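Dear colleague,

Please find below the structure that I am handing over to you. A short account of what was found in it follows.

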Amino acid sequence: MHRTKVRVVEDALDANNTIAGANASDFERADVTVVNLMSAPGAGKTTLLERALEGMAEEGLRVGVLEGDVQGSFDADRLSVLHIPVVQLNTDNGFGGECHLDANMVRSALPAVPLDDIDVLIVENVGNLVCPAEFRIGEDSRIMVCSVTEGEDKPLKYPLMFRACELVVINKVDLLQHLDFDVDRLEANIKQVNHHATVMRVSAKTGEGVEEFRAWLKALPARIAAEEAHDHDHDHAHGDHAHHDHADHEPATA
Amino acid sequence: MHEFDLSSAIVQTVNKHAAGRRVTHITLRVGRLRQVVKDTLLFYLAIVGKDTPCEGATLEIIDVPAVLRCNTCKSEWEIEIPAFICGTCGPGAVEVATGEEFMVESIEVEDEEEAACTAPR
């Protein structure tokens, strides 16, 4: 038997990124801006959405949510009172479930998502600070929620995640008065790993700062469209007509 | 904890390029910023690769250091801690030069014939 060395030089996540590209094309065709919302378990993603999405349709932004969870529909049930499209996506494949969503899982759920009836799709990822940062799903924007009960050093321990996001929402600031927590140090650590990140301090419980997050979300589709138009011009200026793939590896810039 | 899925991604990529041939060796290029735990990756690769052409293949990981570049002063430096800041110019124009790689660099396969195809695509 003869042994041959085969040069491969391929990103091992190419297969995922290819499907993410297909998702991105579907989203673009339907004119839907997609947000990948990530955090550690219990940081308050669902509570933030409950608070922030209320009455959004009346203010002109039709939002749908794709709820990723290992098991169950607790989060989707909580959001059902908002009367917006919520689709549950469980990652349990019989072996205990995945710790993140990947492009293929999102693709499998797309037929259930009414893309024609929404402007923004928020994909609430599985609570986890490692894996979700690595698997693109075809999103336009990656944001994360971290809370003041988690420790100021988290950006330094999970730089992969903090660098992947263009917006970091610091949640549960209503608890600061009870905690020995230095929120300025947390913000400095976020900036140390991701200088370009936008940082907001909110309390999804009391509503403090939530209006700023709502405003950010409302402005997102127009900003993404402007960036895409800019990229498009840029591509043409360089004679490169390749489709701009959002499933790239560059850290997001605000 | 992400090593299981990364192993699956590696096995998928390797088997595609192996095109049915048995794989004896896999060389990966992994950047330090990927936060991959080598021993865990090896452990999972053995599990995920079972009953595939990868079964029994040895694994070599080429570590790629985390190197940053400042586009203002054009300097490059290696980091040991996650601080994405230029000592001279601040954080504004800092980008990652190397350290984000997660590549299958090459594989070694068993061929029936001497004249092997080394260009899979």
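**Where the two chains meet**

In this predicted model, β1(A) pairs with strand β6 (residues 102–111) of chain B in the antiparallel sense, over eight bridges. Within this pairing, Thr4(A) stands opposite Val109(B) in β6(B).

The contact as a whole draws on 28 residues from chain A and 33 residues from chain B. On the chain A side, at least two residues each come from β1 (2–11), α1 (14–29), α6 (159–164) and α7 (183–193). The most is given by β1(A), with ten residues. By character, the residues of the side of chain A that touches chain B are 14 nonpolar, six polar and eight charged.

**The sheet of chain A**

Chain A also holds an open sheet of seven strands with parallel pairing, in the order β4-β3-β5-β2-β6-β7-β8. Because β4 (86–90) and β8 (198–201) of chain A stand at the edges and have a single partner strand each, one side of each is left without a neighbour in the sheet. From one strand to the next, the twist averages 20°.

Inside the sheet, β2 (residues 33–39) and β6 (residues 141–147) of chain A pair in the parallel sense over five bridges. Here Met38(A) stands opposite Met144(A) in β6(A). Packed on the sheet is helix α2 (residues 45–52) of chain A, which touches β2, β3 (63–69), β5 (120–124), β6 and β7 (167–171) of chain A. The direction of helix α2 of chain A makes about 155° with that of β5(A).

With kind regards

Note on methods. Residues are numbered from 1 along each chain as its sequence is written. Chains are lettered from A and ligands numbered from 1 in the order in which they are written. This is a predicted model: local features need pLDDT of at least 70, side-chain atom pairs count only at pLDDT 80 or more; totals for chains, interfaces and linings use all residues. Two strands pair if DSSP finds at least two bridges between them. Helices (H or I, at least four residues) and strands (E, at least two) are DSSP runs, numbered from the N terminus. Axes are lines fitted to C-alpha atoms, for helices over the stretch in contact, and angles run from 0 to 180 degrees between N-to-C directions. Two residues are in contact if their C-beta atoms, placed from the backbone, lie within 7 Å. Ala, Val, Leu, Ile, Met, Phe, Trp, Tyr, Cys and Pro count as nonpolar, Asp, Glu, Lys and Arg as charged, and the others, Gly among them, as polar.
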